[in-house]
Amino acid sequence: MSAPTLIASPHNSMVQGWRTLNRSRKARMEAGGFLAEGEHMAQEALKAGAATALLCAEDALARYRALTDQAEAGGLPVYALSQRALEAVADTRTPQGVLCVCRMPAADRLPDLPLVIALENVQDPGNVGTVLRTMDAIGNAGVLLSRECADVFAPKTLRATMGAVFRVPVWITEDFHGALEALKARDYRLLAGALDGTPFYERPADAERTCLLIGNEGQGLAPETAAMAQQKVRLPMPGQAESLNAAVACAVMAYDILRRRLER
């Protein structure tokens with residue numbers, strides 16, 4: 001195997017480019033790429049074939065030998081970064097010492113799946129990442145996001161996905177209502193999570209394809225979005241809480257949809 005390319009200066013043009021990917025949504029969209037930071041995320045990126053380069057701290061090359069060997073075996077460039085260069089690139093305060101440069105998945109639309117979660121203006125990165133992680137656990141599920149949602153490929157969201165971003169189909173759209181109409185045309189039944197909905201557990205039999213709409217943490221779904229659904233549903237809350245966390249509500253409903261599917 002060839003020796004990794006050493007980059008010592010934090011002002012190196014490549015370092016600055018990687019730094020921008022970690023800090024700017026616009027830069028990620030223009031480049032069609034993002035950074036996956038940490039050992040677990042780097043492993044997932046390499047396993048999924050999404051990585052285009054591996055970045056490793058110069059003093060951590062021995063520790064991550066399995067990852068560098070895997071990257072080189074796949075024909076990927078490996079860069080050894082000085083501590084100062086690594087700190088310039090990394091998002092975390094105490095970086096683990098390894099990152100992957102990754103390409104964004106191309107998605108003009110979601111594939112035909114039994115379950116699609118449609119997120120409208122969900123702005124907490126932890127919520128968006130948790131929804132992807134939940135869909136990864138459920139399997140055969142995808143996520144549709146309005147442009148105003150937290151960026152799936154931002155560092156905080158990526159960490160919350162725990163690698164699910166490399167396995168769950170994601171579609172980010174400028175035309176959220178148009179995307180929902182397209183799903184309806186593909187025989188998806190739209191269920192809207194809403195506090196004024198009918199009891200979720202009393203809903204009729206689920207369709208072969210279901211799209212579950214989840215709205216903004218504070219405002220919920222826009223009225224015109226909720227009106228697009230065939231049914232509005234709410235979870236029972238006999239306690240004193242006024243609402244559930246968006247990702248938690250999504251997980252509870254999605255797993256009951258899965259339960260019914262498995263029973264069939």
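**Inside a predicted model: helix 10 and its surroundings**

Trainee: Which residues of helix 10 are buried?

Mentor: Keep in mind that this is a predicted model. Here a residue counts as buried when its relative accessible area is under 20%. In helix 10 that picks out Ala246, Ala247, Ala249, Cys250, Met253, Ala254, Asp256, Ile257, Leu258 and Arg260.

Trainee: What do those buried residues pack against?

Mentor: Have a look around helix 10 in the viewer. You'll find one helix and several strands against its buried residues: helix 6 (125-138), strand 6 (115-119), strand 9 (189-199), strand 10 (210-214) and strand 11 (231-234).

Trainee: How far apart are the end C-alpha atoms of helix 10?

Mentor: Helix 10 has 18 residues, and at 1.5 Å a residue they should span 26 Å. The model agrees with that, because its end C-alpha atoms are apart by 26 Å.

Trainee: Which element gives the largest share of the largest nonpolar core?

Mentor: In soluble globular proteins, nonpolar side chains tend to be buried together. This core has 72 residues, and Trp18, Cys100, Ile117, Leu119, Met135 and Phe166 touch the most other members. The largest share, eight residues, comes from helix 10.

Trainee: How many residues are in the second core?

Mentor: That core is separate and includes Phe176, Cys211, Leu221 and Ala229. Its total is 19 residues.

Trainee: Which elements give two or more residues to the lining of the largest cavity?

Mentor: About 50 Å³ of space lies in that cavity. Its lining includes Leu35, Ala36 and Glu37, along with Pro155, Leu158 and Arg159. The elements you want are strand 2 (33-37) and helix 7 (155-161).

How values were computed. Residues are numbered from 1 along each chain as its sequence is written. This is a predicted model: local features need pLDDT of at least 70, side-chain atom pairs count only at pLDDT 80 or more; totals for chains, interfaces and linings use all residues. Side-chain values use heavy atoms; hydrogens and water are left out. On a 1 Å grid over the protein atoms alone, a cavity is a set of points where a 1.4 Å probe fits but cannot get out, and a pocket is an open set with protein on both sides within 12 Å along at least five of seven lines; lining residues have an atom within 4 Å of a point. Grid points are joined across faces, edges and corners, and a volume is the space filled by probe spheres set on the points. Helices (H or I, at least four residues) and strands (E, at least two) are DSSP runs, numbered from the N terminus. A nonpolar core is a set of buried Ala, Val, Leu, Ile, Met, Phe, Trp, Tyr and Cys residues joined through side-chain atoms within 4.5 Å. Buried means under 20% relative accessible area, exposed over 50%, partly exposed in between (1.4 Å probe, protein chains only). The expected span of a helix is 1.5 Å times one less than its number of residues. Contact means heavy atoms within 4.5 Å.
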